[in-house]
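Colleague: Got a minute to walk me through this one? I'd like the sheet, the cores and anything odd in the side chains.

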Amino acid sequence: MTSEQIPDPSPSETGGAVPSAATQRARATQLAQALRQELQKAVVGQAAVIDDVLTALLAGGHVLVEGVPGLGKTLLVRALARCFGGEFSRIQFTPDLMPSDVTGHAVYDMQSEQFKLRKGPVFTHLLLADEINRAPAKTQAALLEVMQERQVTLEGRALPVPQPFLVLATQNPIEQEGTYPLPEAELDRFMLKLRMDYPAADEELSLVRQVTRSARADMLDVTPLRTLLQARDVLALQKIASELPVDDQVLDYAVRLARATRSWPGLVMGAGPRASIALVRGGRARALLRGGDFVLPDDIKGCALAVLRHRVRLSPELDIEGLSVDQVLQQLLDQVPAPRL
């Protein structure tokens with residue numbers, strides 16, 4: 001056992017029995033919080049985004065991170081990969097990227113005189129799809145099957161990808177030249193869409209101080225980060241999160257939030273049932289992250305913006321008025337009554 005791992009309780013501590021659900025939850029929370037602290041060493045001034053990425057990791061969902069260049073989108077994923085002992089792949093999306101560059105393809109082997117499958121970078125635990133909106137729709141669509149079904153069909157064979165499997169995609173919202181908007185079907189497969197904003201003044205000061213001490217130009221180094229998780233640990237955390245109790249009133253609240261988007265003034269397209277599922281899964285993950293024994297309405301509300309913002313569409317009138325999707329959704333969250341537990 002390395003010093004980085006959080007030890008299991010000894011048989012004397014548990015009376016020789018299997019640890020109880022409460023003990024397992026406490027250990028899972030401890031590990032998730034240790035991972036949060038480790039990521040905050042590398043990614044300065046983005047505490048809320050780190051929490052959202054950990055929410056997706058615990059819930060087993062994919063993440064789309066949007067933000068202007070230089071805020072640390074790629075750094076965040078590299079830091080997570082450093083803390084995670086599983087396999088990590090990166091694909092830089094470009095206009096000339098082909099679907100086979102993502103999924104793999106069959107190659108003719110001269111010696112055996114047979115076709116052999118060469119697996120693409122998608123066969124990994126953690127996949128960074130950098131600047132995903134730079135590739136055309138055909139290449140973006142190569143991710144559709146693997147994101148939903150955790151498998152890739154190559155030459156008529158369905159090949160499963162390693163578990164856990166998490167896609168973290170980044171895109172720049174400002175520069176639209178040479179980009180291709182993500183189709184609705186693919187957007188819906190991302191559990192969360194996160195917005196990275198500029199850090200606060202004191203955080204930026206701390207960031208500049210930290211980076212300018214380093215010899216590596218304008219980059220924060222992720223090599224000092226400890227490896228806290230292996231693939232089996234992530235699967236165990238996801239299982240513990242999925243078993244957290246959710247009261248029927250809280251479940252009803254998640255469904256009401258998703259359904260409210262379908263008839264809300266100013267929204268011409270509402271969220272589908274996948275949003276309701278994502279709200280509950282996200283709520284469970286947030287409850288585990290804060291050390292709770294069950295899901296609170298606030299856990300659902302806390303991840304609602306990230307779950308809903310890419311699944312709804314603003315009416316042209318509100319767009320002209322300068323209102324954002326987040327502002328409309330915030331009004332919805334303020335007005336849909338939450339249950340009192």
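Modeller: Sure, let's take the sheet, then one glutamate, then the cores and a hairpin.
This is a predicted model, where local features need pLDDT of at least 70, side-chain atom pairs count only at pLDDT 80 or more, and totals for chains, interfaces and linings use all residues. Residues are numbered from 1 along each chain as its sequence is written, and side-chain values use heavy atoms, with hydrogens and water left out.

Colleague: Fine. What's the strand order in the open sheet?

Modeller: The five strands run β2-β5-β8-β1-β9, with parallel pairing. Strands here are DSSP runs (E, at least two residues), numbered from the N terminus, and two of them pair if DSSP finds at least two bridges between them.

Colleague: Which strands sit at the edges?

Modeller: β2 (88-92) and β9 (190-195), each pairing on one side only.

Colleague: And how many bridges join β1 to β9?

Modeller: Five, with β1 covering residues 62-66. V63, for instance, has L192 in β9 as its bridge partner.

Colleague: There's a glutamate in β1, E66. Buried or exposed?

Modeller: E66 is buried, at a relative accessible area of 9%; the cut-off for buried is under 20%, exposed is over 50%, and partly exposed lies in between (1.4 Å probe, protein chains only).

Colleague: Which side chains does the E66 side chain make polar contacts with?

Modeller: That of K193 at 3.3 Å, and that of R195 at 3.0 Å. A polar contact is a pair of N or O atoms within 3.5 Å; within protein, one must be able to donate a hydrogen and the other to accept it, and residues adjacent in sequence count only if both atoms are side-chain atoms.

Colleague: Switching topic: how many residues are in the largest nonpolar core?

Modeller: It has 77, and L35, L80 and L257 have the most contacts inside it. Such a core is a set of buried Ala, Val, Leu, Ile, Met, Phe, Trp, Tyr and Cys residues joined through side-chain atoms within 4.5 Å. Apart from it lies another core of 25 residues, including L64, V122 and L159.

Colleague: L159 is in β7, right? What does β7 pair with?

Modeller: Yes, and its bridge partner is V152. β7 (residues 157-160) pairs with β6 in the antiparallel sense, over four bridges. The two form a hairpin with two residues between them, and E155 in the turn has a positive phi of about 50°.

Colleague: Which β6 side chains are buried?

Modeller: V152 and L154, which point to one face, while Q151 and T153 point to the other and are not buried.
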